[in-house]
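Subject: Structure handover and findings

Hello,

I am passing on the structure below, together with notes on what turned up in it. Please read the notes with the coordinates open beside them.

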Amino acid sequence: MKIAIDGPGGAGKSSVAKALAAKLGLVYVDTGALYRSVGLFMRRAGVDTASAAEVSPLLRDVALELRWTEEGQRVILCGEDVSEAIRTPEASMDASAVSAIPEVREFLLGLQRDMADKGNVIMDGRDIGTVIMPDADLKIFLTASPEARAERRFAELRAKGQDCTFEEVLEDIIKRDAQDTGRDIAPAVAADDAVVFDNSGMGLAETVDKIGELVKVATCGEYHE
């Protein structure tokens, strides 16, 4: 089984994908973590993360690995576990910037497709259903209003002790939406055969239950309200 979950930042893709993976016995792959890691590498290198001319020559020095442990997926960048370091608003914006560079997408494409080809996976990101797994058994485009997404992200960041305001988080959400949907290369849009699912006002458990029903439709042809 292959399940693709795409959508904008803050829609809850990672949380939903993790929960579904545990429920269905699938391997969860957070592809956004790969772009965040490349963005982190470039920022640490002191280059403009939106400049293909500056970013592309350094890709040869990026060593990325995903490891699965009892704690879940861990991201290893050049030997360092950066699983927490890539979860900041700054890392999110850098990820959006580097993801618009064709050479970066090509660099990560093979790695992501290799993971998909191993089967029984659920991947989340921005172009999983359109580029990485166009043959997925089920494609979900998970979305919510900018305000709902900002509220979730704000609560998450404050729980981690990060100093920010709701207004700053909302501004970042809107800015990243514009970057992700407006780029020429693999814009963040729903695949033609994707199910668009708006979970504004829903909690994680309700979202997982409802998407679980969509999985039943895709695999068994059954759906229960």
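The notes below cover the strands, the cavity, one methionine and an aromatic pair.

Please keep in mind throughout that this is a predicted model.

**Strand β1 and its partners**

Strand β1 runs over residues 2-6, and 5 of its 5 residues are buried. Both of its faces are covered. On one side the buried residues are K2, A4 and D6, and on the other they are I3 and I5. Two charged side chains, K2 and D6, are thus on the list with a relative accessible area under 20%, because that is the cut-off for buried.

β1 has a parallel pairing with strand β6 (residues 121-125), made over 5 bridges. Within that pairing, D6 has G125 of β6 as its bridge partner. β1 also pairs with strand β7 (residues 138-143), again in the parallel sense, over 4 bridges. There, A4 of β1 stands opposite K139 of β7.

**The sheet of β3, β4 and β5**

An open sheet of 3 strands has the order β3-β4-β5, and its pairing is antiparallel. β3 and β5 are the edge strands, each pairing on one side only.

Strand β4 spans residues 72-77 and is mostly covered, with 5 of its 6 residues buried. Its pairing with strand β3 (residues 64-69) is antiparallel and has 6 bridges. One register point to check is L66, whose bridge partner in β4 is V75. The connection from β3 to β4 is a hairpin with 2 residues in it.

Towards strand β5 (residues 80-81), β4 is joined by 2 bridges, with the strands running antiparallel. I76 stands opposite D81 of β5, and L77 stands opposite E80 of β5. The hairpin of β4 and β5 has 2 residues between the strands, and in it C78 takes a positive phi near 50 degrees.

**The cavity**

How many cavities of 30 Å³ or more does a search of the whole structure find? The search finds 1. The volume of the largest cavity is about 110 Å³.

Its lining consists of G9, P89, S92, M93, R153, L157, V169, D172, I173, R176 and D177. By class, the lining residues divide into 5 nonpolar, 2 polar and 4 charged. Three helices each supply at least two residues of the lining: α4 (89-99), α7 (146-159) and α8 (166-182). The largest share, 5 residues, comes from α8.

**M93**

M93 is one of the residues lining the largest cavity, and M93 lies in helix α4. Is M93 buried or exposed? M93 counts as buried because its relative accessibility is 17%, which is under the 20% limit.

Leaving aside neighbours within four places in sequence, M93 is in contact with D172, K175, R176 and Q179. Among these, D172 and R176 also appear in the lining of the largest cavity. A further pair to note is M93 and R36: their C-alpha atoms are 8.5 Å apart in space, while the two residues are 57 residues apart in sequence.

**The aromatic pair**

The structure holds 1 aromatic pair. The pair is formed by F154 and F166 and is edge-to-face, with 6.3 Å centre to centre and 90 degrees between the planes. F154 lies in helix α7 and F166 in helix α8, so the pair ties together parts that are 12 residues apart in sequence. Both α7 and α8 also contribute to the lining of the largest cavity.

How buried or exposed are F154 and F166? F154 counts as partly exposed because its relative accessibility is 22%. F166 is partly exposed too, with a relative accessible area of 25%.

**Where to look**

To go through the notes in the viewer, these are suitable places to begin:

- β1, for its parallel pairing with β6 and with β7.
- C78, for the positive phi in the hairpin of β4 and β5.
- M93 in helix α4, for its contacts with D172, K175, R176 and Q179.
- F154 and F166, for the edge-to-face pair.

Regards

Terms used: Residues numbered from 1 in each chain as written. Predicted model: local features only at pLDDT ≥ 70, side-chain atom pairs only at ≥ 80, totals over all residues. Heavy atoms only, no water. Buried < 20%, exposed > 50% of the residue type's maximum accessible area, 1.4 Å probe, protein only. Pairing = 2+ DSSP bridges. 1 Å grid on protein atoms, 1.4 Å probe; cavity = no way out; pocket = protein on both sides within 12 Å on 5 of 7 lines; lining within 4 Å. Points joined across faces, edges and corners; volume = space filled by probe spheres on them. Contact = heavy atoms within 4.5 Å. Phe/Tyr/Trp six-rings, centres within 6.5 Å; stacked < 30°, edge-to-face > 60°.
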